[in-house]
Amino acid sequence: MEILMKNTIFTGAGVAIITPMNDDGSINYEGFAENIEYQINNGTDAIIVCGTTGEASTMTDEEHIECIRFTVEKTKGRVPVIAGTGSNDTKYAVELSKTAQEKGADGLLLVTPYYNKASQKGLIAHFTAIANAIKIPVILYNVPSRTGMSFAIDTLKELAKVENIVAIKEASGNISYMAKVAAEVPDLYIYSGNDDMIVPTLSLGGKGVISVVANILPKETHNICEYYFNGE
């Protein structure tokens, strides 16, 4: 397998960080800042903001953008910040991704379009358009249980040719599919999207996990990856 030259963004355990809210539904930025510090102080390798666990799908555009800006500001470059900017509307995803880049995000997490039932050719066009509109690295997000669709292997091969599409968050729960991605698409790094599949993903050459349980067990989730990479 050839040695990849693409930017991995991070290796280890990234947290799909929650967005704490006040009783009235507004974002609790004081609590958010505490969560960010807690994560960094306990060894988290990256912060993924405005993902599924961050409830991005129920935020206003203003809240979404402010959460990204706030996370970048509070993190201060200590760990990479990856912003969820995926959408089933290509134009909207392009604009949100460009804004996330302007706010200082180190990379993007882009989920497959939901509800629209895009074709595989449509997926190639959708993700290529977003990636070409920005310069920072992109992690594709495969989660068919939420979106109703999955990447074909040939589609991933095509998308891997795009310079800044560097990885996939694989959350299908299908280890056979993940093994095919690892074997047939070596130009894409793999992050586990399921906390119960961290070690199997690493054993297939994965670079780490984008984790939910890391919200409460950041050090332990980081250590799983670190111990594996150290041969322990």
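This is a short tour of the structure in your viewer, one selection at a time. Keep in mind that you are looking at a predicted model.

**Stop 1: the whole chain**

Start with everything shown as a cartoon. You should be able to pick out 9 helices and 8 strands. The radius of gyration is 16 Å, close to the 17 Å that the globule rule gives for 232 residues, so the chain is as compact as a globular protein of that length. Turn the C-alpha trace around and you'll find that it spans about 45 × 45 × 30 Å along its principal axes. How much of the chain counts as buried? The share is 51% of the 232 residues.

**Stop 2: strand E5**

Now select residues 138-142, which make up strand E5. Here 5 of the 5 residues are buried, so to speak of E5 as mostly covered is fair. Show the side chains and look at each face in turn. On one side sit Val138, Leu140 and Asn142, on the other Ile139 and Tyr141, and all of them are buried.

**Stop 3: from E5 back to E4**

Keep E5 on screen and add strand E4, residues 107-111. E4 and E5 run parallel, joined by 4 bridges. To see how the chain gets from one to the other, add helix H4, residues 120-132: the path goes from E4 through H4 to E5, and this β-α-β crossover is right-handed.

Click on Leu110, which lies in strand E4. Across from Leu110, in E5, stands Leu140. Is Leu110 buried or exposed? With a relative accessibility of 1%, Leu110 counts as buried, because the cut-off for that is under 20%. If you want to try the distance tool, pick the C-alpha atoms of Leu110 and Glu55: they are 15 Å apart in space, with their positions 55 residues apart in sequence.

**Stop 4: on to E6**

Go back to E5 and select residues 165-170, strand E6. E5 and E6 pair in the parallel sense, over 5 bridges. Two of the matches can be found by clicking: Leu140 has Ile168 of E6 as its bridge partner, and Tyr141 has Lys169 of E6. Why is E6 described as largely enclosed by the rest of the structure? Because 6 of its 6 residues are buried.

**Stop 5: E6, H7 and E7**

Next, add helix H7 (residues 175-184), which together with E6 and E7 makes a right-handed β-α-β unit. Strand E7 covers residues 189-192, and E6 pairs with E7 in the parallel sense over 4 bridges. For a spot to zoom in on, try Glu170, which stands opposite Ser192 in E7.

**Stop 6: the largest pocket**

Switch to a surface view and look for the largest pocket, which holds about 510 Å³ of space. Of the 28 residues lining the pocket, those closest to its centre are Ala56, Ser57, Gly86, Val111 and Tyr114, so named here to give you something to select. Which elements give two or more residues to the lining? They are helix H2 (61-75), helix H3 (90-102), strand E4 (107-111) and helix H5 (144-147). E4, which you met at Stop 3, supplies the largest share, 3 residues. Colour the lining by type and you get 13 nonpolar, 11 polar and 4 charged residues.

**Stop 7: Leu96 in helix H3**

Stay with helix H3 and select Leu96, which lies in it. Leu96 is buried, at a relative accessible area of 6%. Add His64 and compare the C-alpha atoms: the two residues are 32 apart in sequence and 9.1 Å apart in space.

**Stop 8: two backbone oddities**

Finish with the backbone angles. Ile9 is found in the segment before strand E1 (12-16). Its phi is positive, about 70°, although Ile9 is not a glycine. Ile9 is also buried, with a relative accessible area of 13%.

Then move to Cys50, in the loop between strand E2 (46-49) and H2. What is the phi of Cys50 near? The value is near 60°, which is positive in a residue other than glycine. Cys50 is buried as well, and its relative accessible area is 3%.

Definitions and conventions
Residues are numbered from 1 along each chain as its sequence is written. This is a predicted model: local features need pLDDT of at least 70, side-chain atom pairs count only at pLDDT 80 or more; totals for chains, interfaces and linings use all residues. Side-chain values use heavy atoms; hydrogens and water are left out. On a 1 Å grid over the protein atoms alone, a cavity is a set of points where a 1.4 Å probe fits but cannot get out, and a pocket is an open set with protein on both sides within 12 Å along at least five of seven lines; lining residues have an atom within 4 Å of a point. Grid points are joined across faces, edges and corners, and a volume is the space filled by probe spheres set on the points. Ala, Val, Leu, Ile, Met, Phe, Trp, Tyr, Cys and Pro count as nonpolar, Asp, Glu, Lys and Arg as charged, and the others, Gly among them, as polar. Buried means under 20% relative accessible area, exposed over 50%, partly exposed in between (1.4 Å probe, protein chains only). Two strands pair if DSSP finds at least two bridges between them. A crossover is right-handed if, with the strands pointing away from the viewer, the path from the first strand over the helix to the second runs clockwise. The radius of gyration is taken over C-alpha atoms; the globule rule is 2.2 Å times the number of residues to the power 0.38.
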